[in-house]
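Me: Please take one part of this structure and look at it closely, beginning with a charged side chain and its partner, and then follow the surroundings outwards. I would like a single connected account, with the cut-offs stated as they come up.

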Amino acid sequence: MLYTVDRYLKAYYAPPTELKKPQIAWKLLFKPEQEVTNVASDEQYLYFTTSKDTPRQKIMRTPVARPDVATAELLVPESASEAINDEQLKATKDGLYFVRTKNGVEAKLYFVAKNSKAVRELKLPQAAGRLELVAKNTKSSDLWVTMGGWTTDRKRYRYDVAGGKFVAEPLSSEAQYPEFTDLVVKELMVPSHDGTLVPLSIMYKKGTPRNGNAPTLMVGYGAYSRAMEPTFMPTFLLWTQQGGILACPHVRGGGELGEAWHKAGQKTTKPNTWKDLIACADYLVKNQYTSPGKVAINGGSAGGILIGRAMTERPDLFAVAIPEVGILNAVRMENSPNGPANTPEFGTMQKEEEAKGLLEMDAYQHLTPGTKYPATLVTAGFNDPRVIAWQPAKFAARLQASNTSGKPILFFTDYDAGHGIGDSRRKQFESIADLLAFGLWQTGAPGFQPLTTAVK
């Protein structure tokens, strides 16, 4: 398989007898136009997920001996209400397991027995926002399922096929988080600028007053079809312990509602991504969860487009913006080492319509002198190979020159860091401490305000 940021696979195959030859006669298996996004196999079939003419994905199968996408048969049809999570596709000696999610936040496990086309839902031992599957091999029945959610830590089970039950098999002792036992989780559907309903997840402490005064941290991404799956993040949940609301808008560009959701926030349709975030923030304000002086927004990497454009389009709506190692100068992305590889997701300046899309998603180009912008913490990694440090640096400099709100515009470059991947635990804690402290300070949370000393 040949991999790029384009999620549609390009793959070749050859019979085992060919592999010992000096020149292997590779044959094309998948091409990007077929929109194949994952593949699994056993000794009889190749199973693959595809979004071709199918917004929420379907599963096809073709014989291993004579693989042919054109003649593949439909195994699992598209669901009207759930999207297939194409990352979770596992074959065992008993059949094929796969995961579907509703609105990106309610995960279910399904099974198709070998030599059957009947799809069966497997009842989980607990409600799950996300599921991760691990199989041993296609000669074994072994399957492990890890379940989790916004306020529940990951729990690992082995599926007992014969007994049809899940057996807890933790890899270590389970940590306890008594401080999060009284959290409320709400899954909402919010109309966006064009009427499309956008999933919005919010978490807060039971008893938090709904009077518009709660500091609210909105964390989003919206790219590469990556879904913001319900994940237990104790560090971010600390926000709720200060009387705040933690919110996750599942904006277009992600994969929460299938491939159509991804395509609706990509290249020329990218404005839907930040307009969905704006609509969710407006909803929280109008419904007295919070107020404009209390809303902080955060996103990293490709999420920098989301945060940068939300704050430049509606600077009045947010108190704080924290783009981390973010794409903030999209029209110049191709001029960086990692830029050309990302044109399948964001577009290229070499095509007129895509160039217009890149200009529209470029936060640097949308900064206007004399504007009251939110307090902003911009971060960069000096050794970042994905979003080169000059992108956030340019944005921070122009933002400082354009801002008239009097609120702090801070730029932090970590000279020992890259894109955040592989950071030490200590560095992760330092980053989240900066994020939370800055956000709580600028949203007026008690305990995070500067101490004042009376002058005698």
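Reply: D42 is buried, with a relative accessible area of 6%, where buried means under 20% relative accessible area, exposed means over 50% and partly exposed lies in between (1.4 Å probe, protein chains only). This is a predicted model, in which local features need pLDDT of at least 70 and side-chain atom pairs count only at pLDDT 80 or more, whereas totals for chains, interfaces and linings use all residues. Residues are numbered from 1 along each chain as its sequence is written, and side-chain values use heavy atoms, with hydrogens and water left out.

The partner of D42 is K114, with which it forms a salt bridge whose closest N and O atoms are 4.0 Å apart; the term covers a side-chain nitrogen of Lys or Arg within 4 Å of a carboxyl oxygen of Asp or Glu. Because K114 lies in the loop between β9 (106-113) and β10 (119-122), and D42 in the loop between β3 and β4, the pair ties together parts that are 72 residues apart in sequence. Strands (E, at least two residues) and helices (H or I, at least four residues) are DSSP runs, numbered from the N terminus. While D42 is buried, K114 is partly exposed, at a relative accessible area of 22%.

The two strands that flank the loop of D42 belong to an open sheet of 4 strands, with the order β3-β4-β5-β6 and antiparallel pairing. Its edge strands are β3 (36-41) and β6 (73-76), each of which pairs on one side only; two strands count as paired if DSSP finds at least two bridges between them. Between β3 and β4 (residues 45-50), which run antiparallel, there are 5 bridges, and N38 has T49, in β4, as its bridge partner.

T50 also lies in strand β4 and counts as buried, at 3% relative accessibility. A polar atom of the T50 side chain lies 2.8 Å from the backbone oxygen of Q34, and a polar atom of this side chain lies 3.1 Å from the backbone nitrogen of K52. Both are polar contacts, that is, pairs of N or O atoms within 3.5 Å; within protein, one atom must be able to donate a hydrogen and the other to accept it, and residues adjacent in sequence count only if both atoms are side-chain atoms. Leaving aside neighbours within four places in sequence, T50 is in contact (heavy atoms within 4.5 Å) with Q34, E35, V36, Q57, K58 and M60.

The bridge from D42 to K114 belongs to a total of 27 salt bridges in the structure. In another, E132 and R154 have their closest N and O atoms 3.0 Å apart; since E132 lies in strand β11 (residues 130-135) and R154 in the loop between β12 (143-148) and β13 (155-160), this pair ties together parts that are 22 residues apart in sequence. E132 counts as partly exposed, at 22% relative accessibility. A further salt bridge joins E352 to K356, with the closest N and O atoms 3.5 Å apart, and these residues, 4 apart in helix α6 (residues 352-360), are separated by about one helical turn. At 57% relative accessibility E352 counts as exposed, whereas K356, at 47%, counts as partly exposed. Through shared partners, salt bridges also join R130, E132, R154 and E229 into one network.

Away from these charged pairs, the largest nonpolar core has 77 residues, of which I202, L217, M218, I297 and F395 touch the most other members. Helix α3 (residues 271-286) gives the most to this core, with 7 residues. Such a core is a set of buried Ala, Val, Leu, Ile, Met, Phe, Trp, Tyr and Cys residues joined through side-chain atoms within 4.5 Å. With neighbours within four places in sequence left aside, I297 is in contact with M218, L277, I307, A310, M311, F318, V320, A321 and I322. A second, separate core of 16 residues includes Y97, L124, L131 and F166.

Helix α4 (residues 303-313) holds L306, which is buried, with a relative accessible area of 1%. Residues up to four places away in sequence not being counted, L306 touches G220, Y221, V251, T273, W274 and L277. The helix as a whole is mostly covered, 10 of its 11 residues being buried.
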